Amino acid sequence: MSTTEKRRSTGGKRTSVSGVQAGMETMNLTPEPSTKADSGAPTEKPKKKDKERKDQKSAAKSQQAPSKKKQDDQALIGITCPKSEDLSEWYQQVILKGEMLEFTDIPGCYIYQPASYRIWEFIQDYFNERIRKMKVKNCYFPLFITEANLQREKDHIEGFAAEVAWVTEGGKHKLEKRLAVRPTSETAMYSFYSKKIRSHRDLPLKMNQWNNVVRWEFKHPMPFLRSREFLWQEGHTAHMTEEEAGREVLEILDHYASIYEDLLAVPVVKGKKTVNEQFPGAHYTTTIEGFIPAVGRGIQAATSHCLGQHFAKMFDITVEDPHQQVKEGEKRKPLHVWQNSWGFTTRSIGIMVLIHGDDKGLVIPPRVAETQVVIVPVGVTAKMAEADKQKLYDEVDNLRQTLEDQGVRVECDYREGYNVGYKFNDWEMKGVPLRLEFGPKDAAKGVVTTSRRDREGKGEISVSDVAAKVPELLETIQKDMYNKAAEEYSSHRKIVREWSDFVPTLNQKNVILVPHCTTGDCEDEIKKDSSGNVEGQEVDVRAPSMGAKSLCIPAEQPEEIEQGQKCVNPKCGKDALKWVMFGRSY
Ligand code: 87F
């Protein structure tokens with residue numbers, strides 16, 4: 001999306017453990033430089049994970065009551081690796097065992113199971129509602145792009161060429177001209193825009209696609225975060241004026257931030273990319289930047305670009321200026337339209353998992369949880385009279401009905417032969433935000449016992465208050481999840497004024513705000529000088545050695561840049577212009 005991604009294909013730094021084979025990949029989410037080629041080529045399949053996957057498969061197989069021995073085995077299929085110990089292993093277990101995602105026999109291409117696809121649908125619904133209000137129309141363009149079309153805007157494609165996947169055969173025949181699998185749709189859409197936009201009355205033109213794109217990454221793939229095929233929406237609009245285009249860029253950025261903050265409970269920092277990091281085809285790039293506390297790295301969450309008139313010139317997208325004063329018979333001068341493009345991807349789901357997940361598995365914010373509440377009947381014993389059991393189940397069903405009437409998404413776990421401990425673990429692993437337990441003792445007291453996924457401990461709500469209190473509690477969980485993550489992000493966003501504090505502060509798992517000149521050469525120098533082997537710079541041997549890059553120029557600056565304030569890079573010597581957020585990043 002920005003040059004960040006472009007550079008990923010050529011950059012030297014990558015993840016360390018590389019093991020990709022049919023149906024199995026290992027990931028490394030820690031910012032270590034890699035040692036082996038990024039080819040995605042098959043390597044030895046790790047045995048330990050093999051076993052876990054078998055366990056997982058067998059667990060998923062049967063809905064019938066398993067034997068005691070089997071139940072004990074299944075208890076073992078919980079998350080076996082703490083988040084703090086090995087983030088990569090933890091992440092893999094959480095998304096596989098939480099049934100979010102499955103590997104395929106193509107490295108970097110994944111199955112999005114219903115649990116993750118549902119989250120994507122919530123995002124789609126939320127964003128569609130907002131962009132429809134902006135009069136953006138959804139549409140669909142072909143998956144393939146001719147080479148001639150893709151090459152029309154040379155500057156744009158040059159840096160990305162290595163990532164384009166090509167179709168060279170159709171059936172038994174070699175194609176006369178190979179076809180690109182879309183990595184993004186600027187070129188496909190703008191040839192059409194050139195035909196479609198005839199007069200200023202055709203403006204603004206605002207189209208959006210929900211589609212899949214392919215970027216043949218050679219860096220180590222990571223489910224959701226960096227995959228060869230991913231889902232996104234790409235919006236492409238054309239406007240009469242720079243001002244109108246500029247307003248839209250920011251409005252979209254606000255919607256993106258709102259998806260993260262209000263749906264996924266993930267805090268982001270809004271800002272502008274430095275020239276070094278912006279999309280090369282853009283006039284300027286705005287961005288939202290997230291933060292993964294477990295590794296102290298920044299992550300680009302979404303971008304909204306003002307493309308200026310660059311593509312309009314290449315693709316000849318012009319209108320006549322209606323305001324231009326012309327004499328009788330004189331033709332108006334053509335005016336190149338102002339364009340924007342903006343994209344939001346399934347990477348967001350991975351960011352959400354990394355931020356909220358814990359040692360028990362997924363933690364899904366209520367607003368995007370397919371199941372918001374699970375009711376587990378408890379205290380059901382073998383000795384219990386059938387009529388008593390039925391009475392309890394009827395009461396559970398009444399609770400379900402009461403909640404569904406309030407628009408709450410509920411499941412009741414009536415599975416027989418599974419002990420409640422197993423059920424609790426199972427729903428916790430799947431991240432269901434709120435569990436209600438209801439047994440004969442609760443019934444006698446007229447209460448339900450509550451257990452929040454995001455907190456330890458239990459509470460009680462009286463049955464008569466369930467309709468009002470449960471939706472309220474879900475909203476509280478949503479807010480608390482956001483506040484916890486926001487607190488964590490802001491406490492790891494440190495102001496650094498001196499170069500001597502730059503690397504040490506990064507090494508404490510922070511991103512940093514530094515006074516900076518915003519020039520590209522200086523950024524490159526900082527990246528080099530903040531990586532592992534820096535002369536005269538103490539770098540913790542266990543600390544990540546990846547260099548820092550600029551993440552964004554935050555829209556909300558922490559304070560004014562003082563007169564005479566120099567750039568944080570002592571080799572630079574230029575005046576600082578802005579507080580720029582730097583960090584190690586994905
Ligand atoms: C990879 C191969 C070919 C990123 C690529 O950010 C082309 C590209 O153009 C490419 N990787 N990009 C930049 C995408 C820019 C822009 N497109 C629309 C977005 C948002 C949605």
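**Exercise 1. Contacts of the ligand**

Find how far a nitrogen atom of the ligand is from an N or O atom in the side chain of Arg215 in this predicted model, then look at what else surrounds the ligand.

*Solution.*
- Step 1: Start at Arg215, where an N or O atom of the side chain is 3.2 Å from a nitrogen atom of the ligand.
- Step 2: Move to Thr184, which has a polar side-chain atom 2.9 Å from a ligand nitrogen atom.
- Step 3: Now try His305; here a polar side-chain atom lies 2.7 Å from an oxygen atom of the ligand.
- Step 4: Turn to the cover. On its own the ligand has 480 Å² of accessible area, and the protein covers 100% of that.
- Step 5: Widen the view to the 18 residues around the ligand, of which His156, Thr184, Glu186, Arg215 and His305 come nearest.
- Step 6: Sort the shell by character: 7 residues are nonpolar, 7 polar and 4 charged.
- Step 7: Trace where shell residues come from. At least two are supplied by each of helix H7 (154-158), strand S10 (229-239), strand S13 (297-308) and strand S16 (338-345).

**Exercise 2. The surroundings of strand S23**

Work out how many of the 6 residues of strand S23 (residues 511-516) are buried, and which strands pair with S23.

*Solution.*
- Step 1: Count the buried residues. The cut-off for buried is under 20% relative accessible area. In S23, 6 of the 6 residues are buried, so the strand is largely enclosed by the rest of the structure.
- Step 2: Recall that side chains in a regular strand alternate between the two faces of the sheet.
- Step 3: Check this in S23: Val511, Leu513 and Pro515 point one way, while Ile512, Val514 and His516 point the other way.
- Step 4: Look for a parallel partner. Strand S22 (residues 493-495) pairs with S23 in the parallel sense over 3 bridges, and Ile495 has Leu513 as its bridge partner.
- Step 5: Add helix H16 (residues 499-507), which makes a right-handed β-α-β unit with S22 and S23.
- Step 6: Look for an antiparallel partner. Strand S25 (residues 578-583) runs antiparallel to S23, joined by 5 bridges, with Phe582 of S25 opposite Ile512.

**Exercise 3. A serine in a loop**

Decide whether Ser531 is buried or exposed, and locate its polar contact with Lys528.

*Solution.*
- Step 1: Place Ser531 in the loop between helix H17 (520-529) and strand S24 (549-554).
- Step 2: Read its relative accessible area, which is 11%, so Ser531 is buried.
- Step 3: Follow the side chain of Ser531 to a polar atom 2.8 Å from the backbone oxygen of Lys528.

How values were computed
Residues numbered from 1 in each chain as written. Predicted model: local features only at pLDDT ≥ 70, side-chain atom pairs only at ≥ 80, totals over all residues. Heavy atoms only, no water. Buried < 20%, exposed > 50% of the residue type's maximum accessible area, 1.4 Å probe, protein only. Helix = DSSP H or I, 4+ residues; strand = E, 2+ residues; numbered from the N terminus. Pairing = 2+ DSSP bridges. Right-handed = clockwise from strand over helix to strand, strands pointing away. Near = heavy atom within 4 Å. Polar contact = N/O pair within 3.5 Å; in protein donor to acceptor, adjacent residues only side chain to side chain. Areas by Shrake-Rupley, 256 points an atom, 1.4 Å probe, with all protein chains shown as cover. Nonpolar A, V, L, I, M, F, W, Y, C, P; charged D, E, K, R; others polar.
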